[in-house]
Amino acid sequence: MSFVVLLNLLVKPIWLVLENNVQNQMGHAAFGTFAALFSFTFIFTSFTDLGIYHYFTKQMAAVPTFMATHLPVVLPFKTLISFLFPFVMLLAGWGIGYRAEQLYYLTLIGFIFTFTQFTQFLRGALQAHQFFNLDSIISVLERFFLIFIIIVLLYLGITLENYVYARLTSVLLAFGVLCLFFRKKFGSFPAKWDWQQLSFILKASLPFAIINLVNGINEKIDMVMLERLASSREAGIYAGAYRWVDAVMMYLWTVLPIFFAKFAAHQKQPLEQQKLLHFGQAIVSVPIIFVSVFVFFYGEKLFWQFSNSSPAELSLMRLNLRILFANVCVHGFFAIYANILTASNRELAVSKLVALSIVVNVTLNFIFIPVYGSLAAAVNTLFSAVLVSGGYLLYLRPKLNIPVPGKLILKLLLSAGALSGIFYGLLLICAIWWVNTILAGLAFLGILIVTRVIRLADLRANLLQREK
């Protein structure tokens, strides 16, 4: 897990800086168009996979022989639906009003997602077989290639068109490298067609496909609706703030798949799952809490590259950022509960909760986005996240017979409140933001030890275990 985090800390900050420069050069309107098209495609990514990735990862973690038995049947089918996906997106885009150049970019973005999702599917085998270090390298490889391409384009002059080409090229390179690793680790899987076996897999994967669809709508519908109901400029401003949300949430999407595989491996052992849940709650929540509180006090520091934006645009981006990071903090507390429910065959329950939040979010967006633009999207997203997170907690004991770790959640809430007070106090006595951040971080560590969110005995035990 430490290796995963280290790789992301090396690659993702560089990418953030570069993408901020990309938006600054392209302008909010052009980048808003890309963000809307990318988000629209993301919503429908479940059709490139039909839930097979999550089902396979869970089954491969629980049954070692599962991959060899079923992968030869699934690969040809997955290849077919993956390459049909961009043309499905072309029709869907035409249906909601995209035309000409927008449809061309949408098709290319569809191919980007085709190879991204295929990469994720093959990575599922690495995760299920506990090759976490190799999976970690593959997880940042696409960004690694993209960084070098974008540096060249920023020097030559970047446009919406060559930016889309750059994204597609980097995904293809990463996919090629993964295929070589996959072949070396697992050998070849000669394709075969068995409709009965495939039907069984698709039926078992359907709940995951529904989850992916509703999660995609829940996560990305705001950007699409902003571009359609307000303007591409408003979508671009929202995207400038949301980029930092994606960056921080990447920590969750890097760590949670590890817990997903472990929850799945212990799905018939509720006591082991409970221990993993307590451990995961702290691992997931603590970094998110610190970053979210930092953003509340010093969020403007994240937009230093936007030299071409007006003061009004920067002010709007800052306000969006603070609201969106309240949403991030909610996910930091409660996303792991969706993780354990999904890994324990409660996909339908999770889907119902997310579907309810989507209905609420979309309804509010239709009412308020035409009037308040990106601010309405940010507030509606936060409200929906609170709604669905409460549902996860209500489902935990009835569905899995695992009690909600209320004491731990309370400790984390108190620690977050104390950290906010420390930042506020430091703000009154010192104007140097990075000094205040370091001091607050040290104080936060002390708070976590005092509240026993982090226990020194556990740290010593882990160190001794590593030495052995």
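**A nonpolar patch and a set of salt bridges**

Helix H12, which spans residues 347–372, makes the biggest contribution to the nonpolar patch, supplying five residues. The model described here is a predicted one. The patch covers about 610 Å² of the surface and is built from Leu229, Phe366, Ile367, Phe368, Val371 and Tyr372. Phe366 is a good residue to look at more carefully. This phenylalanine sits in helix H12, and its relative accessibility is 53%. Exposed residues are those over 50%, so Phe366 counts as exposed.

Attention now turns to charged side chains. Side chains of opposite charge can pair when their charged atoms come close. In this model, eight salt bridges are counted. Three of these pairs are described below.

A salt bridge joins the side chains of Glu19 and Arg243, with an N to O distance of 3.0 Å. The two partners come from distant parts of the chain: Glu19 belongs to helix H1 (residues 2–26), Arg243 belongs to helix H9 (residues 232–265), and 224 residues separate them. Are these two residues buried or exposed? Both Glu19 and Arg243 are buried.

Helix H9 also takes part in another pairing, this time through Asp246. Asp246 forms a salt bridge with Lys220, and their closest N and O atoms are 3.5 Å apart. Lys220 lies in helix H8 (residues 195–229) and Asp246 in helix H9, so this pair ties together parts of the chain that are 26 residues apart in sequence. What about the surroundings of the two partners? Asp246 has a relative accessibility of 29% and therefore counts as partly exposed. Lys220, in contrast, has a value of 7%, so this lysine counts as buried.

The third pair consists of Glu234 and Arg233, whose side chains meet in a salt bridge at 3.9 Å, N to O. A distance within 4 Å is needed for a salt bridge, and the 3.9 Å of this pair satisfies that rule. Here too the partners can be placed by their accessibility. Glu234, at 13%, falls under the 20% limit and so counts as buried. Arg233 reaches 36% and therefore counts as partly exposed.

Salt bridges can also share partners, and one network of this kind joins Glu19, Arg167 and Arg243. Glu19 and Arg243 are the buried pair already met above, linking helix H1 with helix H9.

Key. Residues are numbered from 1 along each chain as its sequence is written. This is a predicted model: local features need pLDDT of at least 70, side-chain atom pairs count only at pLDDT 80 or more; totals for chains, interfaces and linings use all residues. Side-chain values use heavy atoms; hydrogens and water are left out. Helices (H or I, at least four residues) and strands (E, at least two) are DSSP runs, numbered from the N terminus. Buried means under 20% relative accessible area, exposed over 50%, partly exposed in between (1.4 Å probe, protein chains only). Patches are made of residues with over 30% relative accessible area and no salt bridge: like charges are joined within 9 Å, nonpolar side chains (Val, Leu, Ile, Met, Phe, Trp, Tyr) within 5 Å. Accessible areas come from the Shrake-Rupley method with a 1.4 Å probe; for residues, only the protein chains shown count as cover.
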